Amino acid sequence: MSSIHRRILRRMSLHQIEALDGYVQYLQKTAQEIEALFADLLIGVTSFFRDPEAFKVLAGRIIPPLFANKPDGEVVRVWAPGCSTGEEAYSIAILLLEQMEANERRYAVQLFATDIDARAMATARAGRYPASIASDVSPERLARFFTREPDGSAYVINKSVRDLLIFSEQDVCQDPPFSRLDLISCRNLLIYFGQELQQKVIPLFHYALNPDGVLFLGTSESIGNFTDLFAVVDSKAKLYQRKEGFTGAARPGLGWFLPSRPARYRSAARAAFPMKVPLREVTEQAILQHVAPACALVNAQGDLLYLHGRCGAYLEPQPGESGVNNVIKMARQGLQHELSKGLHQAICSKAAVRATGLQVKSNGDFTRVNLSIHPLTTGPAATAQAPLYLLLFVDAAAADPEVPPQAALPIGAGAGRAEAAGEHSEADSDARIAAIEEELRAKDEYLQSMQEELETANEELRSSNEEMQSVNEELQSTNEELETSKEELQSLNEELATVNSELQAKVGDLSQANNDMNNLLAGTGIGTIFVDAQLRILRFTPAASSIINLIPNDIGRPVAHFAAKLVGYDRLVSDVQTVIDTLTLQDAKVQTVDGLWYLMRIRPYRTLDNVIGGAVITFVDITEMKRLEDSLTQANAQLRRLAVVVHDASDAITVQDLEGHILSWNPAAVKMYGWSEAEALQMNVRDRIPPELREEALTRIRRLSRAEVLEPHRTQRLTRDGALLDVWMTATALVDETGRMYAVATSERANKVAVDGSAG
């Protein structure tokens with residue numbers, strides 16, 4: 001709760017809210033803040049192969065038996081609840097792939113990775129992680145199971161690993177679990193649960209696992225008091241193996257954990273449909289009730305499972321909430337110590353333990369009791385992993401002396417003397433006796449018929465009762481089957497929802513990728529045709545239909561069936577086949593009948609598995625480039641002619657940029673000024689202008705930049721030996737396509753050379 005409180009205070013400080021009531025009102029008005037607070041409350045701390053030693057034990061002791069115990073065609077099922085951004089789920093998938101490679105066999109694997117955080121699920125589905133994971137994953141695994149992005153900033157999980165996982169949003173405390181699992185990896189999730197949630201989730205994991213399935217917890221987690229559900233495999237690595245419940249019965253129904261199926265419904269249904277009890281069992285129960293001593297059945301922890309006979313003189317329920325009663329805590333004064341010690345001895349020695357003459361206080365008086373404890377390791381209710389123990393309580397007091405039998409009293413004592421009859425005639429007495437006998441005979445026959453009718457009715461009632469019991473048994477069996485089917489359907493529905501969510505995410509990604517690709521191809525204007533290995537058209541862009549006559553219905557037809565609008569090029573089919581066969585790239589410049597030029601490129605079509613699945617033909621429009629190329633060729637030819645004229649001219653022709661750097665220097669300039677072309681190209685024009693004329697030359701350049709036309713003028717220039725040369729100069733501005741001047745060309749003709757260093 002302190003962590004939740006800190007995060008709420010952090011959100012309050014971000015919005016500058018001081019009172020908690022004010023923040024509650026802000027939450028009620030702002031839906032975005034609810035999402036932000038929910039995101040802050042989630043803790044997504046995880047990494048690849050977190051706790052390496054635990055993962056070594058998992059890879060060495062747990063994963064190999066998962067495959068060893070699976071026949072061909074069976075599926076290895078793993079669940080990773082609370083997977084966050086998926087690093088640990090991918091780690092388990094890598095271990096499973098490595099084990100399959102070691103076995104040189106391929107198994108079907110389903111790894112369900114779930115979390116309540118939708119943003120974390122999006123990251124896990126993408127499988128893209130920063131380059132810092134190299135500190136957690138070995139270089140060998142990085143090379144085998146990851147692909148590094150070109151800029152080196154991230155790694156992407158390989159498709160072979162990604163295909164093993166199914167990601168889904170799930171609340172492990174509310175949603176139905178997955179079932180028939182071989183491994184559950186719930187690491188560092190239970191530490192954030194309270195005692196009540198842990199008491200609910202751990203039996204849920206027991207329900208979801210197959211017999212001998214394994215539960216993998218975090219280093220700070222444990223199964224708590226559920227030692228009757230899980231056996232410890234490795235206490236340090238926090239690995240636990242599922243075992244049958246302490247009663248040895250089958251796994252409980254899903255209604256034990258989910259609120260939609262209260263447990264009382266199950267007991268009420270069983271009470272409504274009682275099972276038929278055989279007569280033998282009734283007899284044995286009666287004998288046990290009257291002959292057998294008081295006894296109790298407990299497990300190794302002393303939890304009371306069954307009581308027989310009158311045990312109130314030895315055991316007393318403890319006050320408080322009623323749960324699983326412990327026989328040691330219920331033992332009366334004088335019995336508790338010996339009972340605890342004897343049970344411990346029976347567990348260690350696996351043999352019967354007896355204690356005689358114990359003084360047990362009951363109802364303010366002490367009685368002598370003989371106690372015996374017998375281990376039960378066989379039978380349907382006990383196993384070697386979960387033995388049961390029978391506690392016998394026998395009264396050790398001396399038996400009371402038997403009371404001699406008394407003579408049975410007669411049922412009726414009517415032995416009085418008969419009074420002497422009056423003087424009746426013998427005939428009257430015989431007649432009266434005959435009448436009485438006749439009346440008795442009639443009543444006897446009536447009673448006999450009534451008895452037969454009663455027996456018949458009883459027989460019919462017994463038959464009806466048996467039929468009703470049979471019907472009740474069938475209904476009970478059908479009801480239990482329906483409950484089991486419903487539970488299986490709930491688990492199956494959860495799996496289908498998970499798979500559907502995964503498929504919807506993939507469909508969304510695929511749709512987005514298709515939209516991006518279509519817009520990219522349409523935006524570039526590049527005609528593209530995809531063909532398979534049999535040269536059948538798979539897809540084409542709209543721009544390609546202007547080069548080859550294609551319509552949408554042509555997909556699937558061979559490319560040889562279509563006529564290309566290309567001039568002088570008929571090798572399309574053979575060139576495509578050559579690329580597929582030899583992987584040799586083909587490039588060609590082709591022209592259409594419309595006069596447009598295209599750069600045609602044929603490249604192999606490679607799948608993600610680096611398999612050649614056909615070829616890709618692209619047409620890049622180079623019409624403008626071709627025109628520029630032709631124009632450049634013509635311009636180069638013209639420049640070559642001009643270069644000949646400049647080279648053979650008698651005037652010194654130079655070119656300098658706006659900073660004065662000399663760009664061109666013809667042979668006449670070499671002859672006139674004395675500097676070679678290489679030397680002149682390293683010079684600035686101001687080095688040839690006398691200092692007093694430099695300002696005038698700069699003014700003329702400014703006039704040229706304003707598009708003014710300058711007349712030839714007379715000026716002076718320096719020669720290599722420092723002499724002044726009187727020249728006639730014509731200056732011309734060189735401009736680009738935008739009309740901006742970028743250089744100055746001059747034509748200079750010598751007038752005369754001043755002998756004394758000054759111009760005439």
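This is a short tour of the cysteines, aromatic rings and charge-over-ring contacts in a predicted model.

**Cysteines**

Start with C186. The nearest cysteine sulfur belongs to C173, 9.4 Å away. A disulfide needs sulfurs within 2.5 Å, and C186 is in no disulfide. The count of disulfides comes to zero. Check the surroundings of C186 too: this residue is buried, with a relative accessible area of 0%. Now select C348. Here the relative accessible area is 53%, so C348 is exposed.

**Aromatic pairs**

The whole structure holds 15 aromatic pairs. Select F55 and F216. Their ring centres are 5.6 Å apart and their planes meet at 80°, which makes the pair edge-to-face. Colour by secondary structure next. F55 sits in helix 4 (residues 52–68) and F216 in strand 8 (residues 209–217). The two are 161 residues apart, so the pair links distant parts of the chain. F55 is buried at 3% relative accessible area. F216 is buried as well, at 0%.

Move to Y90 and Y129. This pair is also edge-to-face, with 6.1 Å from centre to centre and 80° between the planes. Y90 belongs to helix 5 (residues 87–103), Y129 to strand 3 (residues 128–130). The pair therefore ties together parts 39 residues apart in sequence. Both residues, Y90 and Y129, are buried.

Keep those two selected and add F48, F146, Y155 and F167. Ring pairs link these residues with Y90 and Y129 into a cluster.

**Charges over rings**

Select K626 and W597. K626 lies over the face of W597, 4.6 Å from the ring centre. Finish at R688 and Y673. R688 lies over the face of Y673, at 4.8 Å from the ring centre.

Key:
Residues are numbered from 1 along each chain as its sequence is written. This is a predicted model: local features need pLDDT of at least 70, side-chain atom pairs count only at pLDDT 80 or more; totals for chains, interfaces and linings use all residues. Side-chain values use heavy atoms; hydrogens and water are left out. Buried means under 20% relative accessible area, exposed over 50%, partly exposed in between (1.4 Å probe, protein chains only). Rings of Phe, Tyr and Trp (its six-membered ring) pair if their centres lie within 6.5 Å; planes under 30 degrees apart count as stacked, over 60 as edge-to-face and the rest as tilted. Helices (H or I, at least four residues) and strands (E, at least two) are DSSP runs, numbered from the N terminus. A charge sits over a ring if NZ of Lys or CZ of Arg is within 6 Å of the ring centre and within 35 degrees of the ring normal.
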